[in-house]
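Q: I am new to this structure and would like a close look at a single part of it. Please pick a good starting residue, tell me what surrounds it, and then follow the chain outwards from there.

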Amino acid sequence: ASAEEVAEGTEEGAVSGIDVVLQNRLQSQPKMTGKQFMVYAKDYVKAVVLKMKANGDSEEKIAKFKTEIPATIKYLKGKMADFDCYVGESGDPAGMIAFLDYKEDGSTPYMLF
């Protein structure tokens, strides 16, 4: 790289991309169908409830989670074709999946965790 390029902040071998993906070393996963997402969501909700119980969360808090999560699952399932899916560095799809989409301008990314 020329001295001018380095001064402007461009480096040879620099990686560009979405900050949250790069900084957390998220790994891209194949897109999910609505059916695949529902299988994942069912298992994930069960795991969250078990974790809440293990952490000593109240039955009231757990019941509230169980009541509110179906609306979130419905929303995510409806947008599954739009989302790019990411998992943590381990690549374990049994963990939380992060969903990436773009705002209406087509260039501003946002993620749902």
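A: Let's start at F37, which counts as buried because its relative accessibility is 2%, and the cut-off for buried is under 20%. Please keep in mind as you look around that this is a predicted model.

To place F37, find helix α3, which covers residues 34–54. Now look for F99: its relative accessible area is 3%, so F99 is buried too.

These residues bring us to the aromatic rings. The structure holds 4 aromatic pairs. One of them is made by F37 and F99, arranged edge-to-face, with 5.9 Å from centre to centre and 75° between the planes. The pair links distant parts of the chain, since F37 sits in helix α3 whereas F99 belongs to strand β3 (residues 98–102), 62 residues apart.

F99 also pairs with F83, and here the geometry is tilted: the centres are 5.2 Å apart and the planes meet at 40°. F83 is found in the loop between α4 and β2 while F99 is in strand β3, so this pair ties together parts that are 16 residues apart in sequence. Like F99, F83 is buried. If you highlight F37, Y40, Y44, F83 and F99 together, you will see a cluster linked by ring pairs.

It helps to step back for a moment and place this cluster in the whole fold. The protein has 4 helices and 4 strands, and from the N terminus on they follow the order α-α-β-α-α-β-β-β. Of its 113 residues, 25% count as buried. Contacts across the sequence matter for reading the picture: among contacts with a separation of 6 or more, 52% are between residues 24 or more positions apart. As for the outside, the protein exposes about 8100 Å², and carbon and sulfur atoms supply 53% of that area.

Back to the loop that holds F83. That loop, between α4 (59–78) and β2 (84–87), is also the place of K79. Is K79 buried or exposed? K79 is buried, because its relative accessible area is 18%, and buried means under 20%. Setting aside residues up to four places away in sequence, K79 touches D101 and Y110.

With D101, the side chain of K79 makes a polar contact of 3.1 Å. The two side chains also meet in a salt bridge, again 3.1 Å from N to O. This pair links distant parts of the chain, with K79 in the loop between α4 and β2 and D101 in strand β3, 22 residues apart. K79 and D101 are buried alike. A network of salt bridges that share partners joins K79, D82 and D101.

How many salt bridges does the structure hold? There are 5 of them. Another one pairs D84 with K31, whose closest N and O atoms are 3.3 Å apart. D84 lies in strand β2 and K31 in the loop between β1 (27–29) and α3, so this bridge ties together parts that are 53 residues apart in sequence. D84 counts as partly exposed because its relative accessibility is 28%. K31 is partly exposed as well, with a relative accessible area of 45%.

A further salt bridge joins D57 and K61, with 3.7 Å between the closest N and O atoms. Here D57 is partly exposed at 23% relative accessibility, and K61 is partly exposed at 47%.

One last stop takes us along helix α4, where P70 lies. P70 counts as partly exposed because its relative accessibility is 44%. From P70 you can look across to A41: the two are 29 residues apart in sequence, with their C-alpha atoms 9.6 Å apart in space.

To retrace the tour, begin again at buried F37, go on to its edge-to-face partner F99, and then to F83, which forms a tilted pair with F99. Strand β3, the home of F99, also carries D101, the salt-bridge partner of K79.

Key. Residues are numbered from 1 along each chain as its sequence is written. This is a predicted model: local features need pLDDT of at least 70, side-chain atom pairs count only at pLDDT 80 or more; totals for chains, interfaces and linings use all residues. Side-chain values use heavy atoms; hydrogens and water are left out. Helices (H or I, at least four residues) and strands (E, at least two) are DSSP runs, numbered from the N terminus. Buried means under 20% relative accessible area, exposed over 50%, partly exposed in between (1.4 Å probe, protein chains only). A polar contact is a pair of N or O atoms within 3.5 Å; within protein, one must be able to donate a hydrogen and the other to accept it, and residues adjacent in sequence count only if both atoms are side-chain atoms. Contact means heavy atoms within 4.5 Å. Accessible areas come from the Shrake-Rupley method with a 1.4 Å probe; for residues, only the protein chains shown count as cover. Rings of Phe, Tyr and Trp (its six-membered ring) pair if their centres lie within 6.5 Å; planes under 30 degrees apart count as stacked, over 60 as edge-to-face and the rest as tilted. A salt bridge is a side-chain nitrogen of Lys or Arg within 4 Å of a carboxyl oxygen of Asp or Glu.
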